[in-house]
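Please open the structure in your viewer and keep the selection tool at hand. The tour proceeds stop by stop, naming what to select and what is to be found there.

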Amino acid sequence: MAEVVKMPKMSDTMTEGVLAKWHKKVGDKVKSGDVLAEIETDKATMDFESYQDGTLLYIGIQEGAAAPIDSVIAILGKEGEDYKSLLDQAGSGAAAEPAKEAAPAADKAPAATPAPAAPKVDLSSIPATVIRMPLLSDTMTEGTIEKWNFKVGDKVKADDSLADVATDKATMEVVGYEAGTLLYIGVKEGEAAKVNDIIAIVGKEGTDITPLLQDGGSAPAAEAAPATETKTEATATATATEASNTDDSRVKASPLARKIAKDKGINLNDVKGSAEGGRIIKKDVEEYTPSAKPAAAPVTEAAPAAAPAAAAKAPIVLPTFTGEEKFSERPVTQMRKAISRRLSESLFTAPHFYVTMSIDMDQAIVARTRMNEIAPVKISFNDFVVKACAVALRQHPSINSSFLGDKIRTNEHVHIGVAVAVDEGLLVPVIKFADGKSLSHISVEVKEFAGKAKSKKLQPNEMEGSTFTISNLGMFGVDEFTAIINTPNACILAVSGIQAVPVVKNGAVVPGNIMKVTLSADHRVVDGATAAAFLQTLKQLLEEPVRLLI
């Protein structure tokens, strides 16, 4: 019997996954234990194995697309087995488009004869052009029609200003860029329309514009010219538009082709469609090769002629510099989505307060140098901080706590998360029972986890269960910063770099090595005095490192 394969939950914070790669295609035989696909979670890209034998009958999500937890991503069963009832039960809908690679035996099954659908009008054959509300500023979401300069039935030229539109910044003109008759006005003076909504239609007099309005969504009651011809023209009037117009929202393309083009930064105006009516499909975007654009000729300015000695000083002439505005975009990864969601929840839910303290690291520098002469691994200052925090948490258990809504949990174990920066964001592997481990042991684990994080090989259990977190930017020479709490922890410590500065010792100004640390604390759990007491203990431990060995 066919079985549904659903998007698994591969981490404790995962809400959806991106199908990075399919290792099987529809019709392939699958055994239990075979890797079906690679799934990108909010923390890593992981292999997804099949737990049953059978034939892959259906693929419900394409590579590069995201799907929520427990949604149907595939169906396994016997070759030729009918699986459509499973899709209906799972709520995926009978209208879901099956994968193009249909199973061979499934093709032989007789299909019910569908009812004849009404023929769809080819919009490209209608001699009329839709005018939409343009994006006139980078923050504009809608515009208000202040004045129409023409009425329905008037003749307009390509460079005529059709209307005055008030945006969030100024009142600007809307130019139709089309010659013809104003057939339709969709927004009255004084009314607002969202960006890309239909505001007018210009075309051949007497054209039936109903299909254009239906295709553009439900049209508001508005003034329209009576159609004297119900039969559309067989040949459309060619519309003169630039091939590289930045707005490609009016180009006919499949949703998948539009998504791929957006991911690759391709303007659909430059792509030629191969489907019916010039519609762009996935194959057209994947096979598109952008043509090289001629480089703009550099602007040169002739050197001004030398002025006569007797003449007054000539005004300073600055050379003209012409720049090009450009940018790049990339899709938000699952990891970045998770970081955005969790840190926003933390900052806007937990009332943060911050306590900063300066620590004299002279003795820590001496101790580290002596230890590294005999230690099996090189010990870093970050390892000192991890060990010192673990010991201090034993003395201040309220810092090692979590807010759980109706109760506060005080953890008796010490699991310290160490934030590691990777290309796509931030990962927090956890040093478990850090208070009972030596500096060498901590150093080995931190280095191992950092290597795994950068190669995307960290496992979910290696990033779970922290009771306190450390974020260290000292290696970048940062003087001081604050960090957002890694919930459900109550606190996070931001560690800056060690700065060589003058300090006062025994009444004299001498060179010193100071490191600033800032504790971000959840005021629902921790009070200011408690946070200060914790930092005092941390300061004593780092200024006299021998305490870490007791």
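**A charge over a ring**

The model is a predicted one. Begin by selecting Arg368 and Phe381: Arg368 lies over the face of Phe381, at 4.6 Å from the ring centre.

**The aromatic pairs**

How many aromatic pairs does a search of the whole structure find? The search finds 2. Select Tyr58 and Tyr83 next. Their ring centres are 5.5 Å apart and the planes meet at 40°; the pair is therefore classed as tilted, since planes under 30 degrees apart would count as stacked and those over 60 as edge-to-face. Tyr58 belongs to strand 6 (residues 54-59), whereas Tyr83 sits in the loop between strand 8 (72-77) and helix 1 (84-90), so the contact ties together parts that are 25 residues apart in sequence. Are these two tyrosines buried or exposed? Tyr58 is buried, and Tyr83 is buried as well.

Now select Phe468 and Phe534. Here the centres of the rings lie 5.7 Å apart with the planes at 55°, so this pair, too, is tilted. The pair links distant parts of the chain, 66 residues apart: Phe468 is in strand 24 (residues 468-472) and Phe534 in helix 10 (residues 528-543). Both phenylalanines, Phe468 and Phe534, are buried.

**Strand 24 and its partners**

Remain with Phe468 and extend the selection to the whole of strand 24. Of its 5 residues, 5 are buried. Rotating the view allows each face to be inspected: Phe468, Ile470 and Asn472 are on one side, Thr469 and Ser471 on the other, and both faces are covered.

Add strand 20 (residues 415-418), which runs parallel to strand 24 and is joined to it by 3 bridges. Within this pairing, Val418 stands opposite Ile470. Then add strand 25 (residues 491-505), which pairs with strand 24 in the parallel sense over 4 bridges. In this case, the residue to select on strand 24 is Thr469, which stands opposite Ile492 of strand 25.

**The open sheet**

Return to strand 6, the strand that holds Tyr58, and display the sheet around it. Which strands form this sheet, and in what order? There are 4 strands in the order 1-8-6-3; the sheet is open and the pairing antiparallel. Strand 1 (3-6) and strand 3 (29-30) stand at the edges; each has a single partner strand, so one side of each lacks a neighbour in the sheet. At one of these edges, strand 3 runs antiparallel to strand 6 and is joined to it by 2 bridges. To locate this contact, select Val30, whose bridge partner in strand 6 is Gly54.

**Helix 6 and the surface**

For the last stop, select helix 6 (residues 334-349), where Phe348 is found. Phe348 is exposed, with a relative accessible area of 68%. Together with Leu347 and Tyr354, Phe348 forms a nonpolar patch on the surface, with about 340 Å² of accessible area in total.

Ser346 is also found in helix 6. Is Ser346 buried or exposed? Its relative accessible area is 2%, under the 20% cut-off, so Ser346 is buried. Finally, select Asn489 together with Ser346: the two are 143 residues apart in sequence, and their C-alpha atoms are 9.9 Å apart in space.

How values were computed
Residues numbered from 1 in each chain as written. Predicted model: local features only at pLDDT ≥ 70, side-chain atom pairs only at ≥ 80, totals over all residues. Heavy atoms only, no water. Phe/Tyr/Trp six-rings, centres within 6.5 Å; stacked < 30°, edge-to-face > 60°. Buried < 20%, exposed > 50% of the residue type's maximum accessible area, 1.4 Å probe, protein only. Lys NZ or Arg CZ within 6 Å of the ring centre and 35° of its normal. Pairing = 2+ DSSP bridges. Patch = residues over 30% accessible without salt bridge, like charges linked within 9 Å, V, L, I, M, F, W, Y side chains within 5 Å. Areas by Shrake-Rupley, 256 points an atom, 1.4 Å probe, with all protein chains shown as cover. Salt bridge = Lys/Arg side-chain N within 4 Å of Asp/Glu carboxyl O.
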